[in-house]
Amino acid sequence: MQGVLTGFAVIAVVIAVGYVLGLRGHLGPQGREVLTRLAFHVASPALLFTTLATADLSVVFSSRLLVTALSTVAVAGVFVAVGVVRRWGVGRTTIGALCSGYVNSGNLGIPIAVYVLGDASLVAPVLLFQLVLVTPVAVTILDLSGGGAKGSLWRRLLTPLRNPIALGSLAGVAVAATGLRVPAPVMDPLTLIGNMSVPAVLLAFGISLCGSTMPMRGADREPVLLAVALKAFGQPAVAWALASGVFGLRGAQLLDVVVTSALPAAQNLYTYASTYEVGERLARDAILVSTVVSVPVLVAVAAVLG
């Protein structure tokens, strides 16, 4: 329980600082946009590269990853199906699907893995899955559904190589797969730049809350409610059913996959929504509400399975 509260406390403090910055206008009227662009185009690609370049890719073949992948696809698929029926649009539906199954495995998942699960490396499978597969696919869809990827089929196929988030992820995987060692004069500056990613995302999210209306109101109420329900309750339930019923996981392994699946939607999803100017309020509200709701859910999961 201490890890749950510690992880959420860290996030809450940084978001609160961003809110105060926005309230007082210290960063000017374009502060949120600048932080968002910094995170998307510079800091996040550097963070993804440095994280994946030194990662153990063998975790990709673990049963825990299969549970994570299948539960993510299940809840995202439900949101996509509803989005198609309700005609929410490709971009908006993509953002909602991400909010339904893309967990906060970094700045929240790591401290919870340390304090609740006892090993920070246990969050690696979901982290790699999201960085290597989900993120490049999602940003490619957002690129193709917007105005920046029109043209020939060849140009569309090369969309991931023009996106900084996807490019950083794929480059990191390539380095890890080949076993290359990046020289310190190259890796150290990238690490320093990558360390700006999480604070920039959280500060931009806090600034976005200034002057905003209460969550789950207006036209986004229905998709936000669906995304939160799938993220907070649907994904951990599916993960538990798959882990215990299909893969036969028990004890600490079962606790691991259910806890990681119960993490709230990641704050960097707001960066994607803001960058592509689609589903921004949906992302903001879904992240905020799922973060609040996930506290009692994670405490309950830790108490029952721990």
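Biologist: In which helix does Ile 141 lie?
Modeller: This is a predicted model, in which local features need pLDDT of at least 70 and side-chain atom pairs count only at pLDDT 80 or more, while totals for chains, interfaces and linings use all residues. Residues are numbered from 1 along each chain as its sequence is written, and side-chain values use heavy atoms, with hydrogens and water left out. The chain has 14 helices and 0 strands (DSSP runs numbered from the N terminus: H or I of at least four residues, E of at least two), and Ile 141 belongs to helix 6.

Biologist: Is Ile 141 buried, partly exposed or exposed, and at what relative accessible area?
Modeller: Buried means under 20% relative accessible area, exposed over 50%, and partly exposed in between (1.4 Å probe, protein chains only). Ile 141 is therefore partly exposed, its relative accessible area being 33%.

Biologist: What share of the 306 residues of the chain counts as buried?
Modeller: The elements of the chain run α-α-α-α-α-α-α-α-α-α-α-α-α-α from the N terminus on. Among the 306 residues of this chain, the share that counts as buried is 50%.

Biologist: How far apart in sequence are the parts that Glu 280 and Arg 32 tie together?
Modeller: The structure holds 7 salt bridges (a side-chain nitrogen of Lys or Arg within 4 Å of a carboxyl oxygen of Asp or Glu), and in one of them Glu 280 pairs with Arg 32, with the closest N and O atoms 3.8 Å apart. Because Glu 280 lies in helix 14 and Arg 32 in helix 2 (residues 31-53), the separation in sequence of the parts they tie together is 248 residues.

Biologist: Which of the two, Glu 280 or Arg 32, is buried?
Modeller: Glu 280 counts as partly exposed, at 25% relative accessibility. With a relative accessible area of 16%, the buried residue is Arg 32.

Biologist: Which residue is linked with Arg 32 and Glu 280 in a network of salt bridges?
Modeller: Arg 32 and Glu 280 are themselves joined by a salt bridge. The network that links these two also includes Glu 33.

Biologist: Where does Asp 220, the salt-bridge partner of Arg 92, lie?
Modeller: The closest N and O atoms of Asp 220 and Arg 92 are 2.7 Å apart, and Asp 220 counts as buried, at 13% relative accessibility. Arg 92 lies in helix 4 (residues 90-101), so the pair ties together parts that are 128 residues apart in sequence. Asp 220 itself lies in the loop between helix 10 (197-208) and helix 11.
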